[in-house]
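Student: I would like to go through this structure with you, one topic at a time. Could we begin with how strands are matched up?

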Amino acid sequence: MTIKKPKTSPRQLHHLRHLRPLALALAIATLAACGGGGGSSSAGPSGPGNSSISSLSGVAVDGYLQGATVFLDLNKNGLQDTGEPSALTSATGQYTLDYSQVSSAIEGLQIVVTGGVDTDTGNTFTGRLTARASKATQGQVVTPLTSLVDAIVAQGLAADVTAAQTLVATALGLTVADLGKDPVAALASTPAIYTQAVALQRAVQLLASLNANPGESSHKAQERMMKAIAKVVKSQESKVDVSQLVAALQVANTTGASQLATAVQNSVTTALESGGHDSAKAALKGLDQVRVRMENDFDENDSDHSDDLAQAAGKIDDEHGLTTSQPLTNLVTDDSDAGEIDAVQNLYQPGTVVAQPANTNGRLLASNCFQCHGTGGMGGFDAIRGDASEVRDYLTKPAGSDIMAAHAQGYTNAQLDAIIAYLQQ
Amino acid sequence: MTAFNNTPTSRRNLLALATAAIAVGMVPMLSRSGDDHHDDHDEGGKFSAGQNTTVAAANTGLSGNIVVVGGGMAGATVAKYLRLWGGSGLTITLVEPSTSYTSNIMSNLVLNGSRTVSSLAYGYTGLASKYGIAVKQAAVTAINKAAKSVTLSDGSTLSYDRLVLAPGVDFMDAYGLTQADYDSKTPHAWRAGAQTTLLSTQLAAMPANGTFVMTIPKSPYRCPPGPYERASLVADFLKTNKGAGSKVLVLDENLSIQAEVASFTYAFNTLHAGVIQYESGVTNVHINPDTKAVTYTDQVGTITTVSANVVNPIVPHRASGSAPGGWLAAAGLNNSPDGRWAVVDVLSYQSTAANASGIHVIGDAANCGMPKAGHVANQEAKICADAIVRLLGGQQPDPAPVANSACYSPLTASTASWLTAVYQYDSANQKMVVADNGGRTVGAKVTEASNHNTENFKQMNTWFNTLMGDSFS
């Protein structure tokens, strides 16, 4: 375990202003105590015992979630509030929540993960994952499966987390230990953790979209659907799979979600066997397009816009002019084979994920570059993220000789400096 | 880093760039492999290299419900940048009746057969899958400003904290013609699609040494496609395919060429001399859609009737829904003096109409002092997205936004010129004004290319692919 040295960023100081007076006093005391701390993790005046339990580290995984927000929900409202410990995940989903400034007990609070990019698909992660905080558990994984465990606990359907884990493990044919594993890291040994997790996540998101109440946020609807699935798990006595859990739900529009869960399980299993994780990523990227199509297209009163999985896949294939090969249609049918996975893998490759510069000064100015140099300055005529200082070379060229010269000369020097500084981050 | 004016960067150079980027500690972003047409299949490989990337959304902690109406250049861009800059907590819904957007930019190249309409189609898969934008296939029928909701053509309603309208333009009945005439006889082809194909077919069927008549409405009109560009391309096509005696009569309601004066003066008087006849300041245009007889009054008052083979009336436009009884008009948002446009505060693109709190208008429908162009709409969208993110966070919009316009215009099937401008905010007059020479705005002018050539034509494709990627991918 890595022990994180407490640091006080301006952002944290900002949070301090919103803490209650007592908490603030404690926080300042902690900061003062650690303020002069050296580089050694064991040398802090507060002692190794204290610093070792002042942070929660873990990993957020559907695929690894990059740049996702992780927070500890101190006030149990499900939303990120000022003063709640939060962190962004790394490129491999890693996070560390520093709760050294929290005066209350953190045991059993919800760790909530939203946003970022699912690195398996290159898509923005629009889901919501949760797990229960425990000081005893470092390296806490937060996955769709821990979210399901959490939904059981949240509804009091089990005595404790362990009992809830037992329910989920039994229902999905996994072990309690499996539920604490990083599904991606366990791909070689226990691929079922991953296949069940990604199937569950996609089913929940589709169900949430199809059953959202007016004005209900997507995350709230997902929470509601996960709780509904938790109730089915509670009444389950033998092994089933995600699609069977979904089919047994007491909510509307379960047909497509059940079909989707089956398709995800089958195609990802096949993909993992034939081409490993990369093939699985491609299958998921293709399946996510089908899912999103169903979410956006669904109209319960129109059979042309049903929640039938093959119908949505067929529409996308048709729009791509792939009416003969029908790669997505084949993928979502039950008999996925390696050849079908290959066809999809040629078409749906996950993109690269890029973080934005943290300091937003100059961001809007720099966005004037993106029409020709790509979003974030990543391509087009040429990439300018990192070093855009060449723009100054154009200030002395005749404006009509080069479109870049004409463009560059429309800015003040201060504006060019701001653009360059932003893109240098 | 290669220079802007070099040929589009090769894959090998991109890989070198990516390596350099890693060396300086940047995120590697150009690690595409395989065939372009297989990569990023969502859009059939239409975007430029380096764009099979997803930019991770900012972590803002903001929440809010934002409805975007219209999936063109402005609407797509604002939806994407609201996600990128506003974070994952925003609920963003894009309302658009079509399943894809057909680019107006480059659509003049359909007329000479060098592009197809389908090659200009951009779907919403990228926005939906990559950025978690909810795409609602419907049209807006009403805005309820008091309830902060919109009613859609399928009868459903969507409530909003912020509403961004990017509906584009409608085409007015003019010169004795109706919408049915535009659709079947005398296409304006000013919204890329079926009319573009129809006009292309009509051109292909023209007799040898025939006459093509086009009209240009008074400014403001949306551009591209550019009217002068279209005249040049049609002239190029006709003299190549239909004989040197072909005629292109350009009837301009404006008193002079409105953009790229030097390039198009050259194109009309030299490059396509003898084919293009340019009449400026015309009035009283009347077109018979069946006989293709066109009558007009020229600048000195002479009334002339021309018998044409093909007539292409680029008719006046107005903000979509701004006609009497339209949804925009019913909401009182078409508050320009002539009732055709929505006047906005250019710091945030919020409507200046009464009781329009939380309503923003961007793109061609807005009256913002900048050209009605896809490239400009993309930047208006970013300014609007930035302002909304700031407002949701309790801040004020950026007090000094900058926008830019860039446009390449093909003059022949293989050569192009360009036009560009940077717009700075003039706080005294609360307007966006052209800036040059170190950002100075006094006496500043839009810059046009000093010559047209094949290199510009190549750059045009890079510009187009990148711009579309920044908006839709």
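Tutor: Two strands are said to pair if DSSP finds at least two bridges between them. Please keep in mind throughout that this is a predicted model.

Student: Which strand of chain B pairs with strand β11 of chain A, and in which sense?
Tutor: The partner is strand β1 (residues 53-55) of chain B; β11 of chain A covers residues 352-354, and the two run parallel, with three bridges between them. Within this pairing, Val354(A) lies opposite Val55(B).

Student: How many residues of each chain are in contact there, over the whole interface?
Tutor: On the chain B side 79 residues make contact, and they touch 66 residues of chain A. The buried area between the two chains is about 6,400 Å², and carbon and sulfur atoms give 55% of that area.

Student: How many salt bridges cross the interface of chain B and chain A?
Tutor: The rule finds one across that interface. Asp386(B) and Arg363(A) form a salt bridge through their side chains, at 3.7 Å from N to O. Between the two chains there are also 28 residue pairs in polar contact, counting pairs with both residues at pLDDT 80 or more.

Student: Which element of chain B gives the most to that side?
Tutor: Helix α11 of chain B, residues 454-472, gives the most, with seven residues. Sorted by class, the side of chain B that touches chain A holds 32 nonpolar, 35 polar and twelve charged residues.

Student: And how many salt bridges are there in the whole structure?
Tutor: The search finds 23 over all chains. One of them joins the side chains of Asp288(A) and Arg202(A), at 2.8 Å from N to O. This pair links distant parts of the chain, 86 residues apart: Asp288(A) belongs to helix α9 (residues 255-297) of chain A and Arg202(A) to helix α6 (residues 191-211) of chain A.

Student: Back to strands. What is the sense of pairing between β13 and β14 of chain B, parallel or antiparallel?
Tutor: β13 (residues 247-252) and β14 (residues 276-280) of chain B are parallel and share five bridges. Val248(B) has Ile276(B) as its bridge partner in β14(B). Between these strands the chain passes through helix α8 (residues 261-271) of chain B, a β-α-β crossover that is right-handed.

Student: What about β15 and β16 of chain B?
Tutor: Those strands, residues 283-287 and 293-297 of chain B, run antiparallel and are joined by three bridges. His286(B) is opposite Thr295(B) in β16(B). Their hairpin has five residues between the strands, and Lys292(B) takes a positive phi near 65° in it.

Student: Where is Tyr175(B), and what is its phi?
Tutor: Tyr175(B) is in the loop between β11 and α5 of chain B, and its phi is near 60°, a positive value in a residue other than glycine. Asp173(B) is found in the loop between β11 (169-171) and α5 (179-184) of chain B. The side chains of Asp173(B) and Gln179(B) make a polar contact at 2.9 Å.

Student: Last topic: which peptide bond into Pro220(B) is cis?
Tutor: The bond joining Ser219(B) and Pro220(B) is cis, with omega about 0°. Pro220(B) sits in the loop between β12 (211-216) and α7 (227-241) of chain B. The bond from Pro224(B) to Pro225(B) is cis as well, with omega near 5°, and Pro225(B) lies in the loop between β12 and α7 of chain B.

Notes
Residues numbered from 1 in each chain as written. Chains lettered and ligands numbered in written order. Predicted model: local features only at pLDDT ≥ 70, side-chain atom pairs only at ≥ 80, totals over all residues. Heavy atoms only, no water. Contact = heavy atoms within 4.5 Å. Buried area = accessible area lost by both parts, 1.4 Å probe. Salt bridge = Lys/Arg side-chain N within 4 Å of Asp/Glu carboxyl O. Polar contact = N/O pair within 3.5 Å; in protein donor to acceptor, adjacent residues only side chain to side chain. Helix = DSSP H or I, 4+ residues; strand = E, 2+ residues; numbered from the N terminus. Nonpolar A, V, L, I, M, F, W, Y, C, P; charged D, E, K, R; others polar. Right-handed = clockwise from strand over helix to strand, strands pointing away.
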